Amino acid sequence: MRETLQLVGKIIGVVSGVGACASWTVAMWTPNPPLPLSGVAFFVALLLAMLAIIAVIASIHGHGITLIVLFFTSFFPIGYFLLGVPGWMWVIGVLNVGYLISGLVAWRMPHVIERSESSDT
């Protein structure tokens, strides 16, 4: 059961990270972006796309604290704002919540390394 929950947490993290990176990439490079991205806003969108890639790597390796930190750095300044934006950009906020779910699963259910015990009787 533990392995199944860990696998589900990793899948949620990978899907959330890939989806957020793809969404930010589409938002940056479409001819008519859903939000005006120029100057600092473009840099922030690029930074959040890179953080999404880091979230994918962290979820594959099961780094729960890293995913929780990535949730706080990406959701509260921008992801929360995007939940109220009309159109498809609200998906980024929902995908950021996936970082939190994956991080909590990885943090609360760490991978147990089994040690072989030698009998010294």
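Among contacts in this chain between residues at least 6 apart in sequence, what share join residues at least 24 apart? Hello everyone, let's begin with that one. The share is 72%. Before I go further, please keep in mind that this is a predicted model.

Let me start with the overall picture. The chain has four helices and zero strands, so if you follow the sequence from start to end, the pattern you read is α-α-α-α. How spread out is the chain, then, beside a compact globule? Its radius of gyration is 17 Å, while the globule rule gives 14 Å for 121 residues; the chain's value is well over that, so the chain is more spread out than a compact globule. You can picture the C-alpha atoms filling a box of roughly 75 × 20 × 20 Å along the principal axes. As for burial, 33% of the 121 residues count as buried.

Now to the way the helices pack, and I'll take two pairs. The first is α2, residues 40–61, with α3. Their axes are 10 Å apart, and the angle between them is about 155 degrees. Anything over 145 degrees counts as roughly antiparallel, and therefore α2 and α3 are roughly antiparallel to each other. The crossing here is left-handed. If you want to find the contact on the screen, look on the α2 side for V44, L48, L51, I54, A55, A58 and S59, and on the α3 side for T66, L67, L70, T73, S74 and I78. Sorted by class, this contact has nine nonpolar residues, four polar ones and no charged ones.

The second pair is α3, residues 64–82, with α4, residues 90–108. Here the axes come within 8 Å and cross at roughly 160 degrees. That makes α3 roughly antiparallel to α4. This crossing is left-handed. Among the residues making the contact are F71, S74, F75 and G79 of α3, together with W90, N96, Y99 and W107 of α4. The class count for the contact of α3 with α4 is 15 nonpolar, seven polar and no charged.

Let me zoom in on one of those residues, N96, which sits in helix α4. Is N96 buried or exposed? Its relative accessibility is 2%, and the cut-off for buried is under 20%, so N96 counts as buried. Setting aside neighbours within four places in sequence, N96 touches A20, F71, S74, F75 and G79.

That list brings in A20, a residue of helix α1, which covers residues 2–29. A20 is buried too, with a relative accessible area of 1%. Along the chain, A20 and N96 are 76 residues apart, yet their C-alpha atoms are separated by 7.3 Å. Which residues does A20 contact, again leaving out neighbours within four places in sequence? They are A52, L95, N96 and Y99.

For contrast, let's stay in helix α1 and look at A22. A22 has a relative accessible area of 39%, which makes it partly exposed. From A22 to I92 is 70 residues in sequence, and 9.6 Å in space, C-alpha to C-alpha.

So here is what I'd like you to take away. This is a chain of four helices, more spread out than a compact globule. α2 and α3 are roughly antiparallel, and α3 is roughly antiparallel to α4. And within the chain, A20 of α1 is in contact with N96. Thanks for listening!

How values were computed:
Residues are numbered from 1 along each chain as its sequence is written. This is a predicted model: local features need pLDDT of at least 70, side-chain atom pairs count only at pLDDT 80 or more; totals for chains, interfaces and linings use all residues. Side-chain values use heavy atoms; hydrogens and water are left out. Axes are lines fitted to C-alpha atoms, for helices over the stretch in contact, and angles run from 0 to 180 degrees between N-to-C directions. Angles under 35 degrees count as roughly parallel, over 145 as roughly antiparallel, 65 to 115 as roughly perpendicular and the rest as oblique. A crossing is left-handed if the near helix is turned anticlockwise from the far one by less than a right angle, and right-handed if clockwise. Contact means heavy atoms within 4.5 Å. Ala, Val, Leu, Ile, Met, Phe, Trp, Tyr, Cys and Pro count as nonpolar, Asp, Glu, Lys and Arg as charged, and the others, Gly among them, as polar. The radius of gyration is taken over C-alpha atoms; the globule rule is 2.2 Å times the number of residues to the power 0.38. Buried means under 20% relative accessible area, exposed over 50%, partly exposed in between (1.4 Å probe, protein chains only).
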